[in-house]
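Me: I've got a model open and I'd like to learn how to read its features one at a time. Can you walk me through it?

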Amino acid sequence: MEKGKYDVVIVGAGPGGVAAGIRAAEAGMSYVILEKGKGVFQGVIDSFPRGKAVYPTIPKGVDKPFPIQCLEPPKDKVPVEKYIDQIEKAVQSQKLNIVYNESFENLEEGGDGYVVKTEDNDYAAKNVILAFGSNIPNDLGIYGEAKAVARKLDNLEEYIWLTALVIGGGNAAADIVAALSKAKREAVSPMPVYWAHRKEMFRINKDTARDLGEELLLGGQIRILQGAIPKIGEVDAEGIDRLYLYQTPNRDKHNDVFMYQGMSFPMKNVIACIGSQGPAEVFNQLNLKQVAREGGSGKSGSASDLLLLLDESLQTNRKGVYAIGGAISPSIMEIQEDGAFQQKKHPNLIYTAIEDGVIAMDGVIASGQAGG
Ligand SMILES: Cc1cc2nc3c(=O)[nH]c(=O)nc-3n(C[C@H](O)[C@H](O)[C@H](O)COP(=O)(O)OP(=O)(O)OC[C@H]3O[C@@H](n4cnc5c(N)ncnc54)[C@H](O)[C@@H]3O)c2cc1C
């Protein structure tokens, strides 16, 4: 069904999309936010472990406060559920125009702008802001993992009475390790949480590290496996899908023998949290220009080597189409004034997504592509 024409259609009601919607409402523009989930901040609800503290992190080197105060996570790091309550209240009090259970599928040229297509409806728009985050989890590349290995912590209780293995070296994995350890400690479960990363160094931010340290001091049973590489998936003699993890081999220089130290876990005990792929394929399908990153893997056309080309308002090569937030993290290719491209870091944080929503909407206003 054809819906009315909007100055701007925003795809995704996460921190970026909601910020853009608030800014559009303030500027008196006609707008709609399309969200595939059933509630606001569905992406956060789906990806944060239950009870996880939300950090109001401001990127390094930035000294400006959150650009939209009602979306700022409280300084005292409240659990995600409480933060979602705050956001629901803000959305209600601002009477934001969000349509839920509406999943974006495509973008076509039409009239003097675009037609945003969902499964059942067409929305005509002068401008489009893509704020659909980045939630396509990476695979371990292990036989059998797709059906057996979890990508996020859906049900914490399931892991309390078994030895859990969390794989991944970043904040998302660390949050899950801390949440599991706390739940096990409170239930007085003797079963530890193993935390494995293929590298020696774990890359986590200060707040997450502090929570993990506190958890260890309180008696949390966290066993760290550095240089641990998931190698094989196999069904054992009892029919259990298992994942084998090997730590970096010691090589016996004299006779070319490798000595491995390994462990095996039932796949149902494993949560793999090894990052997500940017939506490069979706951008490609939408004909949005992407450019090879500096120092990429060199495999031509590899999606992970491509960065979206954006101007300073976060506008893509298609006039009036903007991309923001998690969807364009962790890096973008920015067009400079002289037309050259420059690779720029773009941290995947609530702050950044909110700031992007404001920048993109101010770009829409400045372009004059809104209103009557
Ligand atoms: C485990 C974990 C912990 C984190 N902890 C913190 C933290 O403490 N502090 C912090 O600052 N950041 C944290 N982050 C990062 C933060 O969640 C993201 O930076 C932020 O959510 C990005 O906002 P966004 O609006 O760009 O994307 P998202 O929050 O992903 O929102 C995108 C929205 O778009 C919707 N959507 C997706 N596809 C479609 C479609 N086709 N059609 C319509 N809607 C669609 C999704 O349902 C979702 O609601 C954490 C991330 C994870 C994974």
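Reply: Sure. Keep in mind that this is a predicted model. Let's start with a helix pair: the axes of helix 1 and helix 8 come within 7 Å and cross at roughly 35°. As for the hand, helix 1 passes helix 8 in a right-handed crossing.

Me: Which residues of helix 1 and helix 8 make the contact?

Reply: On the helix 1 side you'll find P15, G16, G17, A19, A20, R23 and A24. Helix 8 answers with I350, A353, I354, D356, G357, V358, A360 and M361. Sorted by class, this contact has 10 nonpolar, three polar and two charged residues.

Me: Now the ligand. How many residues surround the ligand, and which are the closest?

Reply: The ligand has 35 residues around it, and the closest are G12, G14, G43, G133 and G325. By class, that shell splits into 17 nonpolar, 15 polar and three charged residues.

Me: Which helices each supply at least two residues of the shell around the ligand?

Reply: Helix 1 (15-26), helix 2 (42-47), helix 5 (171-186) and helix 8 (350-367) do. Helix 2 gives the largest share, four residues. Notice that the crossing pair from before, helix 1 and helix 8, shows up here too.

Me: What about domains? Where are the bounds of domain 1 and domain 2?

Reply: The domain assignment gives domain 1 as 2-136 + 290-367 and domain 2 as 145-272. Taken over C-alpha atoms, their centres are 32 Å apart. For the contact between them, eight residues of domain 1 meet nine residues of domain 2. The domain 1 side of that contact divides into three nonpolar, three polar and two charged residues.

Me: On to sheets. How do strands in a sheet pair?

Reply: The general idea is that they pair through backbone hydrogen bonds, either parallel or antiparallel. One case here is an open sheet of four strands in the order 10-9-8-14, with parallel pairing. Its edge strands are strand 10 (222-225) and strand 14 (270-272), each paired on one side only. From one strand to the next, the twist averages 20°.

Me: Can you zoom in on one pair of strands there?

Reply: Take strand 8 (residues 164-167) and strand 9 (residues 193-196), which pair in the parallel sense over four bridges. Within that pair, V166 stands opposite W195 in strand 9.

Me: Which strands does helix 5 lie across?

Reply: Helix 5 lies across strand 8, strand 9, strand 10 and strand 14, and runs at about 170° to strand 9. You've met helix 5 already, as one of the helices supplying the ligand shell.

Me: What is the strand order of the sheet with mixed pairing?

Reply: That open sheet also has four strands, in the order 16-17-19-20. Strand 16 (290-292) and strand 20 (341-345) each have a single partner strand, so one side of each is left without a neighbour in the sheet. Ignoring direction, neighbouring strands of this sheet are turned by 40° against each other on average.

Me: And over how many bridges do strand 17 and strand 19 pair?

Reply: Two bridges, in the parallel sense, between strand 17 (residues 306-310) and strand 19 (residues 331-335). L310 has E334 of strand 19 as its bridge partner.

Me: Last one: backbone oddities. Is the peptide bond from S329 to P330 cis or trans?

Reply: Cis, with omega near 10°. You'll find P330 in the loop between strand 18 (321-323) and strand 19. Check phi as well: K77 has a positive phi of about 50° although it is not a glycine. K77 is in the loop between helix 2 and helix 3 (80-93).

Technical notes: Residues are numbered from 1 along each chain as its sequence is written. This is a predicted model: local features need pLDDT of at least 70, side-chain atom pairs count only at pLDDT 80 or more; totals for chains, interfaces and linings use all residues. A residue is near a molecule or strand if its C-beta atom, placed from the backbone, lies within 6 Å of it. Ala, Val, Leu, Ile, Met, Phe, Trp, Tyr, Cys and Pro count as nonpolar, Asp, Glu, Lys and Arg as charged, and the others, Gly among them, as polar. Axes are lines fitted to C-alpha atoms, for helices over the stretch in contact, and angles run from 0 to 180 degrees between N-to-C directions. A crossing is left-handed if the near helix is turned anticlockwise from the far one by less than a right angle, and right-handed if clockwise. Two residues are in contact if their C-beta atoms, placed from the backbone, lie within 7 Å. Domain bounds come from an automatic or database domain assignment. Two strands pair if DSSP finds at least two bridges between them.
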